[in-house]
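Open the model in your viewer and keep the selection panel at hand. This tour goes stop by stop: what to select, then what is there.

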Amino acid sequence: MAGFNALAEQVRDPDRDPSQRRQALRKCLERFAPYGHRATWHHLCARAGISPDDRRPDPERLVAALEELEEAREVWLAYERAFALRRRRQKYDGIRQPPGADDWHRRSWGGRQLLPVKNPEAAPPAPLAEVLRRLVREAEAREARCAAARAAHEAAGRRPAGRVAVSH
């Protein structure tokens, strides 16, 4: 099973048939689809000027769609790296439940269904990276609010739920 980067190379490969390049782009969505597979596909097609049902689309338009997807994926991967670093620090400090932990982060692991869209034609018209930057800012703000509440509880002499005393 090829990874996202290997599939992206196939989308860019001029020696491949356009239908194969299209299929490689669709497989990229199995690895990263912020709105869900169908809705992300429709969004990329609309932004790149491709018909979602076109079996042999213009390769340049496929690459444009791929570039939008890659930019959004980079935003998400940067968030996940920063989140992992914060969690390592929090665990070291004895915080076993991440501040702001909610079902959203657990459901969105790997970059699928970050912002589920039920109707494929109803995805936000803005570039994916822009939407994800807003989503990441909201998640980080939620986490900061929870961390501030935790600090306020600690300052008041109460230990917040989910915190385990750890001796170093």
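**Stop 1: the aromatic rings**

Start with the aromatic side chains. The model is predicted, and a search of the whole structure finds two aromatic pairs. Select Trp76 and Tyr79 for one of them. Their ring centres lie 5.0 Å apart, with 40° between the planes, and the pair is tilted. Both residues sit in helix 4, three residues apart, about one turn of the helix.

Is Trp76 buried or exposed? Trp76 is buried, at a relative accessible area of 1%. Tyr79 is buried as well, at 4%.

Now add Phe83 and look at its ring beside that of Tyr79. The centres are 6.1 Å apart and the planes stand at 40°, so this pair is tilted. The cut-off behind the word: planes under 30 degrees apart count as stacked, over 60 as edge-to-face, and the rest as tilted. Tyr79 and Phe83 are both in helix 4, four residues apart, about one turn of the helix. Phe83 has 13% relative accessibility and counts as buried. Show the three side chains together: ring pairs link Trp76, Tyr79 and Phe83 into a cluster.

**Stop 2: helix 4 against helix 6**

Keep those rings on screen. Select residues 59-92 for helix 4 and residues 128-155 for helix 6. The two helices pack at an angle of about 15°, with their axes 8 Å apart. Angles under 35 degrees count as roughly parallel, and that makes helix 4 roughly parallel to helix 6. The crossing of this pair is right-handed.

Which residues of helix 4 meet helix 6? Colour Glu68, Leu69, Glu71, Ala72, Val75, Trp76, Tyr79, Phe83, Arg86 and Gln90. The aromatic cluster of Trp76, Tyr79 and Phe83 is therefore on screen already. On the helix 6 side, colour Leu128, Ala129, Leu132, Arg133, Val136, Ala139, Glu140 and Glu143. By class, the residues of this contact are eleven nonpolar, one polar and six charged.

**Stop 3: helix 1 against helix 4**

Stay on helix 4 and bring in helix 1, residues 4-12. The axes of helix 1 and helix 4 come within 9 Å and cross at roughly 160°. Angles over 145 degrees count as roughly antiparallel, and that makes helix 1 roughly antiparallel to helix 4. Here the crossing is left-handed.

Select Phe4, Asn5, Ala8, Val11 and Arg12 in helix 1. They meet Leu62, Val63, Leu66, Glu67, Leu69, Glu70 and Arg73 in helix 4. The contact has seven nonpolar, one polar and four charged residues. Pause on Leu69: this residue is listed in the contact with helix 1 and also in the contact with helix 6.

**Stop 4: Asp13**

Step off the end of helix 1. Where is Asp13 found? Asp13 lies in the loop between helix 1 (4-12) and helix 2 (18-31). Asp13 counts as partly exposed, with 25% relative accessibility. Now measure in the viewer from its C-alpha atom to that of Pro59. The model puts these atoms 9.2 Å apart, although the two residues are 46 residues apart along the chain.

**Stop 5: helix 2 against helix 3**

Carry on into helix 2, then select residues 37-48 for helix 3. Their axes come within 9 Å and cross at roughly 135°. Helix 2 and helix 3 are therefore oblique to each other. The crossing is right-handed.

Show Arg22, Leu25, Arg26, Leu29 and Glu30 on helix 2. Across from them, show His37, Thr40, Trp41 and Leu44 on helix 3. This contact divides into four nonpolar, two polar and three charged residues.

**Last stop: the whole chain**

Zoom out and colour by secondary structure. How many helices and strands does the protein chain have? The chain has six helices and zero strands. Read along the sequence, the pattern is α-α-α-α-α-α. Next, colour by accessibility: of the 168 residues, 41% count as buried. Finally, turn on contacts. Among those with a separation of 6 or more, 70% are between residues 24 or more positions apart.

How values were computed. Residues numbered from 1 in each chain as written. Predicted model: local features only at pLDDT ≥ 70, side-chain atom pairs only at ≥ 80, totals over all residues. Heavy atoms only, no water. Axes fitted to C-alpha atoms, helices over the stretch in contact; angles between N-to-C directions. Parallel < 35°, antiparallel > 145°, perpendicular 65-115°, else oblique. Left-handed = near helix turned anticlockwise from the far one by under 90°. Contact = heavy atoms within 4.5 Å. Nonpolar A, V, L, I, M, F, W, Y, C, P; charged D, E, K, R; others polar. Buried < 20%, exposed > 50% of the residue type's maximum accessible area, 1.4 Å probe, protein only. Phe/Tyr/Trp six-rings, centres within 6.5 Å; stacked < 30°, edge-to-face > 60°.
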